[in-house]
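I set aside some bench time to go through this model and kept notes as I went. Here they are, in case they help you find your way around.

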Amino acid sequence: MNYDVIIIGAGPGGIFSAYELSQLRPDLKIAVFEAGHALARRHCPIDGEKIKSCIGCKSCSIMSGFGGAGAFSDGKYNITNDFGGTLYEYIGKKQALDLMHYVDEINMRYGGEGTKLYSTAGTRFKKLCIQHNLHLLNASVRHLGTDINYIVLENLYADLKNKVSFFFNTPVDAVSAIESGYEIRCGEATYSCKTCIVSVGRSGSKWMERVCKELKIATKSNRVDIGVRVELPAEVFSHLTDELYESKIVYRTEKYGDLVRTFCMNPKGAVVTENTNGIVTVNGHSYEDPSRQTENTNFALLVAKHFSEPFKDSNGYGESIARLSNMLGGGVMVQRFGDLIRGRRSNPDRMRDSFLTPTLSATPGDLSLVLPKRILDGIIEMIYALDKVAPGTANDDTLLYGVEVKFYNMEVAVSDKLETDHEGLYVIGDGSGITHSLSHASASGIHVARDIASKS
Ligand SMILES: Cc1cc2nc3c(=O)[nH]c(=O)nc-3n(C[C@H](O)[C@H](O)[C@H](O)COP(=O)(O)OP(=O)(O)OC[C@H]3O[C@@H](n4cnc5c(N)ncnc54)[C@H](O)[C@@H]3O)c2cc1C
């Protein structure tokens with residue numbers, strides 16, 4: 001065997017499994033294979049001047065490389081079982097929370113100390129929300145911010161590189177079972193190991209599907225979240241964001257009984273584009289550093305779509321809607337709420353007359369030509385409901401960017417140890433379909449590392 005443990009993917013799942021294994025079992029020979037670049041080499045070429053849109057780099061520096069999809073994220077570690085994944089269904093609620101707290105302690109030791117931990121516990125907002133049929137989910141949120149999140153990753157890498165062998169720009173093509181372990185193939189080269197941890201995240205979803213087919217590992221899937229990113233003056237939500245930073249609020253629509261939820265709140269942040277396989281969608285960022293903050297707050301409003309038989313391609317459905325918005329807007333589309341409810345498109349003149357300055361240059365248009373009626377109706381209903389707890393949300397100038405889509409990986413069949421039917425083959429993080437967040441993905445890495453350390 002070349003290695004005792006091979007980890008595929010250097011996102012939070014891979015990093016924290018490498019961290020914990022190297023702590024508990026320094027005697028083990030561990031290697032991490034990553035399709036993207038080392039952290040210092042991760043640069044997106046879009047500079048807004050010479051390069052304005054995605055040029056389809058071989059390895060996307062936003063999604064791939066040391067730090068995974070989270071490297072340039074807002075670094076919000078939500079410590080909760082209420083959202084961010086269903087890890088607790090496998091390992092139990094207490095264990096899941098304990099592991100998320102443990103990850104938080106590591107982040108603090110590696111550069112995050114001094115950042116704020118927000119909590120919804122015992123706040124007056126829960127009552128205020130419920131009085132208006134809105135449900136504030138329980139969570140503690142560590143907000144590292146894009147800048148500190150990067151420093152934590154730098155420090156973790158500086159430490160890990162002396163204990164673990166990293167192979168960057170080395171996508172793993174295939175995983176096969178061999179006698180007493182696994183063999184991975186990267187181009188012409190092959191490497192063997194006793195134990196293999198697969199942590200390939202969202203960007204590795206198609207690859208993961210293929211590996212599961214080849215190794216006959218069962219999978220299931222059928223969910224996609226579709227919606228818009230809302231942008232408004234930071235003052236409108238400041239009473240919530242100053243105290244909670246991120247509030248996850250769920251609303252059940254009166255018309256259809258659908259659940260609409262807020263997602264990824266960025267106080268004083270900026271709306272950004274995201275390119276997944278050539279499809280441009282919208283997302284948001286914010287910074288801890290006051291000099292990089294804006295006057296606006298943004299968050300997504302998402303409606304979850306679950307499909308039943310015979311339709312199986314929920315991600316394909318989300319992609320088609322995003323493509324439609326790209327077709328009409330040439331990328332991301334933006335509409336004033338006032339224009340949407342009056343049934344007219346936003347145009348450059350109406351945008352110019354607006355009191356709100358957008359943080360993303362997007363094409364003014366008409367989201368009702370893109371989003372299915374049921375989804376749009378749900379979003380409009382929720383905006384009016386939010387207006388009751390944050391007056392100003394339903395102002396005419398509130399901006400809606402479309403579309404925001406949250407794709408989900410298919411769920412891989414694993415045990416409570418996150419081990420597949422193949423002994424010694426673990427699937428963790430977002431690539432497993434079980435987690436959808438930094439804290440859950442990181443916690444899943446610690447969980448498998450402890451199991452492996454206790455066995456080998
Ligand atoms: C813009 C953005 C902002 C976000 N903000 C937040 C936030 O504030 N809070 C939050 O909780 N979550 C956030 N998320 C989600 C969060 O980043 C993910 O949930 C988390 O990174 C998942 O970790 P992971 O290790 O499972 O996968 P990933 O982070 O996706 O890492 C997987 C790694 O595997 C590599 N890989 C894939 N296939 C292969 C292969 N075949 N061979 C080798 N390597 C491979 C990829 O290159 C990647 O580096 C954000 C995501 C994005 C894109």
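The entries below follow what I looked up, starting with a small sheet and ending with two exposed residues.

**Entry 1: the small sheet.** I began by noting that this is a predicted model. I then went to an open sheet of three strands, whose order is β3-β6-β4 with antiparallel pairing. β3 and β4 (116-119) stand at its edges with a single partner strand each, so one side of each has no neighbour in the sheet. From one strand to the next, the twist averages 20°.

I checked the pairings one at a time. Strand β3 (residues 76-79) and strand β6 (residues 140-143) are antiparallel and share four bridges. Here Tyr77 stands opposite Arg142 in β6. On the other side, β4 and β6 are also joined by four bridges and run antiparallel. In that pair I found Tyr118 opposite Val141.

**Entry 2: the side chains of β3.** Which way do the residues of β3 point? Lys76 and Asn78 point one way, while Tyr77 and Ile79 point the other way. I had wondered whether they would be buried or exposed. All four residues, the lysine included, are buried.

**Entry 3: the helix across that sheet.** Next I looked at α3, which lies across β3 and β6 and runs at about 150° to β3. In helix α3 (residues 93-112), the buried residues are Ala96, Leu99, Met100, Val103, Asp104, Asn107 and Gly112. Viewed down the helix axis, these buried residues fall within an arc of 150°, so they line one face of α3. It helped me to recall that an α-helix has 3.6 residues a turn, so residues three or four places apart point the same way.

What do the buried residues of α3 pack against? Their partners are α1, β3, α2 (87-91), β6, α5 (145-160) and α12. The face turned away from the buried side carries Lys94 and Glu105, which are exposed. After the helix comes Gly114, and I noted its positive phi, near 100°.

**Entry 4: around the ligand.** How many residues surround the ligand? I have 41 in the notebook, with Gly9, Gly11, Gly68, Gly201 and Gly429 the closest. The elements giving two or more residues to this shell are α1 (12-24), β3 and α12 (438-455). β3 therefore turns up again here, as an element of the ligand shell. By type, the shell divides into twelve nonpolar residues, 23 polar and six charged.

**Entry 5: strands around β10.** I followed strand β10 (residues 189-198) through its partners. Strand β1 (residues 3-8) runs parallel to β10, and five bridges join them. Ile8 stands opposite Val198 in this pair. Strand β9 (residues 181-186) runs antiparallel to β10, again with five bridges, and Glu183 has Ser192 as its bridge partner.

β9 and β10 form a hairpin with two residues between them. One to note in the turn is Gly187, with a positive phi of about 60°. I also found strand β22 (residues 425-427) running parallel to β10 over three bridges. There, Cys196 stands opposite Leu425.

**Entry 6: the eight-stranded sheet.** Another open sheet has eight strands and mixed pairing, in the order β5-β13-β14-β17-β12-β20-β18-β19. Its edges are β5 (134-136) and β19 (363-364), each with a single partner strand, so one side of each is left without a neighbour in the sheet. At the β19 end, strand β18 (residues 333-336) pairs with β19 in the parallel sense over two bridges. The bridge partner of Met333 in β19 is Thr363.

I looked for a helix on this sheet too. Helix α8 (residues 314-329) lies across β12 (223-233), β17 (296-306), β18, β19 and β20 (399-407), and runs at about 150° to β20.

**Entry 7: two exposed residues.** Where is Ser291 found? I located Ser291 in the loop between β16 (279-285) and β17. Ser291 has 5 other C-beta atoms within 10 Å and is exposed. Lys455 sits in helix α12. With 12 other C-beta atoms within 10 Å, Lys455 counts as exposed, because the cut-off for that is 12 or fewer.

Key: Residues are numbered from 1 along each chain as its sequence is written. This is a predicted model: local features need pLDDT of at least 70, side-chain atom pairs count only at pLDDT 80 or more; totals for chains, interfaces and linings use all residues. A residue is buried if 20 or more other C-beta atoms lie within 10 Å of its own, exposed if 12 or fewer, and partly exposed in between; C-beta atoms are placed from the backbone. Two strands pair if DSSP finds at least two bridges between them. A residue is near a molecule or strand if its C-beta atom, placed from the backbone, lies within 6 Å of it. Ala, Val, Leu, Ile, Met, Phe, Trp, Tyr, Cys and Pro count as nonpolar, Asp, Glu, Lys and Arg as charged, and the others, Gly among them, as polar. The arc is that of the directions from the helix axis to the C-beta atoms. Two residues are in contact if their C-beta atoms, placed from the backbone, lie within 7 Å. Axes are lines fitted to C-alpha atoms, for helices over the stretch in contact, and angles run from 0 to 180 degrees between N-to-C directions.
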